[in-house]
Amino acid sequence: MKAFYTDHYVLPLPPGHRFPMEKYSQLRDLVSRLEGIELLEAPSVSDTQILYAHDPAYLIKIIEGKLNPQEQQEIGFPWSLAMVERSRRSAGATLAAAKIALNEGIAANLAGGTHHAYRNKGSGFCVFNDSAIAARALQKEISSKLKIAIIDLDVHQGNGTAAILKHDASIFTLSIHGENNFPFTKEKSDLDIGLPDNCQDDAYLAALSQGLEILDQRFKADFILFLAGADPHEGDRLGKLCISKTGMRLRDEQVFQYGLDNQVPIAFSMAGGYGKDIQETVDIHLQTIQTALRFQQTIPRGFKST
């Protein structure tokens, strides 16, 4: 199974910054020891590809470092050339994984899931919306007939993704998130399932099962982009849900089984994870990779999107 990573993911941040940037290199070290994984360098997304989902004026502001203090604060990272390159690579890796998954069934980005980025602004540690860029790029560069589902299981609603794609009937946005968590003003996805604080495994997995059933009834996807956030876990300091590590594995299995049953390729990204103990977050991301690898090894030869 192909998985994309680059050292550009690890952005130098000021002391005390709350984003757990070191999780990426720790995950890479563990994934590199797994048999059956090929780690590939994450490519940069081009300006043209970024503009499939973002406003030209916003892209210029990012490239030239001309965000005002409020815009910069909303993103949450200080501007630098390294921040721009990280953002390009994060989106480029999701797109590269998607193109590989079309032929191989499943592929991974060890970062990505930057779903709070809107067409004309960044937010919540997200600069470019990798899922929206990848979905549009697949349609423009592979086939205009591809119907793509974005299954967002980060604990925070995929507000930027929903806003960018809200008038696009060819891309279905499904978000299962904490109802009382950031972003506090929600956008309208094609299907939103908001969960109460302290939600546990059974209710969470039932909600996911219901969400996949509705997706299947309303939209026959040719491709899935899966945001496998670690932040629904009970040990997450920003999550507010109480999903066990086993529950997180069962969640991932449900999504990959749905793809396998319906012969739909899946590219997945790590999305959020802010564990009180960073090792717990890394372990959950690793568990997602291991689960995907098991499923990828069962996919019949010649598995392809229609």
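**View 1. Charged side chains across the predicted model.** The chain carries 31 positive and 37 negative side chains. Take the centre of each set, and the two centres lie 4 Å apart. Keep in mind that what you're looking at is a predicted model.

**View 2. The fold as a whole.** Ten helices and eight strands make up the secondary structure counted in this chain. With a radius of gyration of 17 Å, close to the 19 Å that the globule rule gives for 306 residues, the chain is as compact as a globular protein of that length. Lined up along the principal axes, its C-alpha atoms fill a box of roughly 50 × 40 × 40 Å. Look at contacts between residues at least 6 apart in sequence, and 76% of them join residues at least 24 apart.

**View 3. Inside versus outside.** Of the 306 residues, 60% count as buried. On the outside, the chain exposes about 12100 Å², and carbon and sulfur atoms supply 50% of that area.

**View 4. The largest nonpolar core.** This core has 103 residues, and F226, F268 and I289 are the ones that touch the most other members. Helix α5, residues 81-104, gives the core its largest share, with eleven residues.

**View 5. Zooming in on F268.** Here's one of the core residues that touch the most other members, shown with its partners beyond four places in sequence. F268 is in contact with M1, and also with I106, A107, A108 and N109. Its other partners are F226, F256, T288, I289 and A292. Two of these names, F226 and I289, should ring a bell from the core view.

Conventions
Residues numbered from 1 in each chain as written. Predicted model: local features only at pLDDT ≥ 70, side-chain atom pairs only at ≥ 80, totals over all residues. Heavy atoms only, no water. Helix = DSSP H or I, 4+ residues; strand = E, 2+ residues; numbered from the N terminus. Rg over C-alpha atoms; globule rule 2.2 N^0.38 Å. Buried < 20%, exposed > 50% of the residue type's maximum accessible area, 1.4 Å probe, protein only. Contact = heavy atoms within 4.5 Å. Areas by Shrake-Rupley, 256 points an atom, 1.4 Å probe, with all protein chains shown as cover. Lys, Arg positive; Asp, Glu negative; His and termini not counted. Charge placed at Lys NZ, Arg CZ, Asp CG, Glu CD. Core = buried A, V, L, I, M, F, W, Y, C linked by side-chain atoms within 4.5 Å.
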